[in-house]
Amino acid sequence: MGAVTDTGEFATLPIDYSDKVFGILLGLADGAVHARDGHEPGATEILALFLADGLLEALEWANDGVASDEAACLWLAGLRAYKQLTGSFPASAPEPQPRWIDTEFAQVERHEGLAAGDGLNLSGMDSPDMGYAARPTGAGNDSSGVLPRAAVTALVARVPVATTGSLASSAAYLTHGEQAAATAAAAAVILRSALEEGTAAAAGWDAQLADLSGTAAESLRQVIDAVRATLELEPAAAYNAYFGEQAAEEDGEPVAEEPRDPEADAYAVALLAALHGTDVIAERPASAMDEIISELHERWMTLVG
């Protein structure tokens, strides 16, 4: 198995590519659930996994020899996620037919209801039209909500690195504006480099971050700084070090714990999994989304393996 580089040459994917893909998908859910202190399922991972299925649909069409519009597949998947999260499609928007993931998600237990994610994701998707670079539906939106979907687009193998960035920016433009789309492209390229090169990829991350600005960019930089600090650790230790101890003591008085960002933490654990594979989340508890993630991984690898 190989990936096409920008020069048209094939780069060898790691022998543990399947394990890393599985870890990334699991990590998206795990990071969000950890940030929410165990509340699941939630909008952060639901949207990301539905968008992964949108890319899977595009790959299925391509496997059948039929050209498809990846951005449109992402949008239709996003609309199906929107319905799962709100109970209906956006007014006057297309109503795509359900896929396997819709059926499976209907079986997921929701003891505490669905945990909220980045509100800009839903507000940006609430439109009858697809957002794209020339006409984003959330032109002023800039937040960490674009990071989990960037991790998903990084999974597409055998494409130029520029295509990885383009897919991520297309996914971002569904709900966000230009600054967030640029950050999403960088986040996808960074995660792809970790998937293919392991910890050696970290040497090139600063170049991807150099020209970014805005809220999403700041979130990405914070994640990269935290993950970079764990590179010398064993996988499980790297995970624990990333989350760390949120309450510190200062002069004998406890410092209030800062709320975590599920969107940023979802991307962060996906990035750790891109570096280390499923070992990074070996100690994670079972998740309400595990069966869906296992099925998504199996379908993904059937097409790209």
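This passage describes the nonpolar core, one helix pair and one buried arginine of a predicted model. Residues are numbered from 1 along each chain as its sequence is written, and side-chain values use heavy atoms, with hydrogens and water left out. Local features need pLDDT of at least 70 and side-chain atom pairs count only at pLDDT 80 or more, while totals for chains, interfaces and linings use all residues.

The largest nonpolar core (buried Ala, Val, Leu, Ile, Met, Phe, Trp, Tyr and Cys residues joined through side-chain atoms within 4.5 Å; buried means under 20% relative accessible area with a 1.4 Å probe, protein chains only) has 95 residues. Tyr 17, Leu 191, Trp 205, Leu 220, Tyr 267, Leu 271 and Trp 300 touch the most other members. Helix α12 (residues 262-276) supplies the largest share of this core, 11 residues; helices are DSSP runs of H or I with at least four residues, numbered from the N terminus. Beyond its neighbours within four places in sequence, Leu 220 is in contact (heavy atoms within 4.5 Å) with residues including Leu 147, Ile 190 and Tyr 267.

Helices α1 (residues 17-35) and α8 (residues 178-197) pack at an angle of about 140°, with their axes 10 Å apart. Axes are lines fitted to C-alpha atoms over the stretch in contact, and angles run from 0 to 180 degrees between N-to-C directions. Tyr 17, Lys 20 and Ile 24 of α1 meet Leu 191, Ala 194 and Leu 195 of α8.

Arg 99 lies in the loop between α3 (70-86) and α4 (100-105). Arg 99 counts as buried because its relative accessibility is 14%. Not counting residues up to four places away in sequence, Arg 99 touches Asp 53, Leu 56, Glu 57, Glu 60 and Arg 80.

Definitions and conventions: Buried < 20%, exposed > 50% of the residue type's maximum accessible area, 1.4 Å probe, protein only. Helix = DSSP H or I, 4+ residues; strand = E, 2+ residues; numbered from the N terminus.
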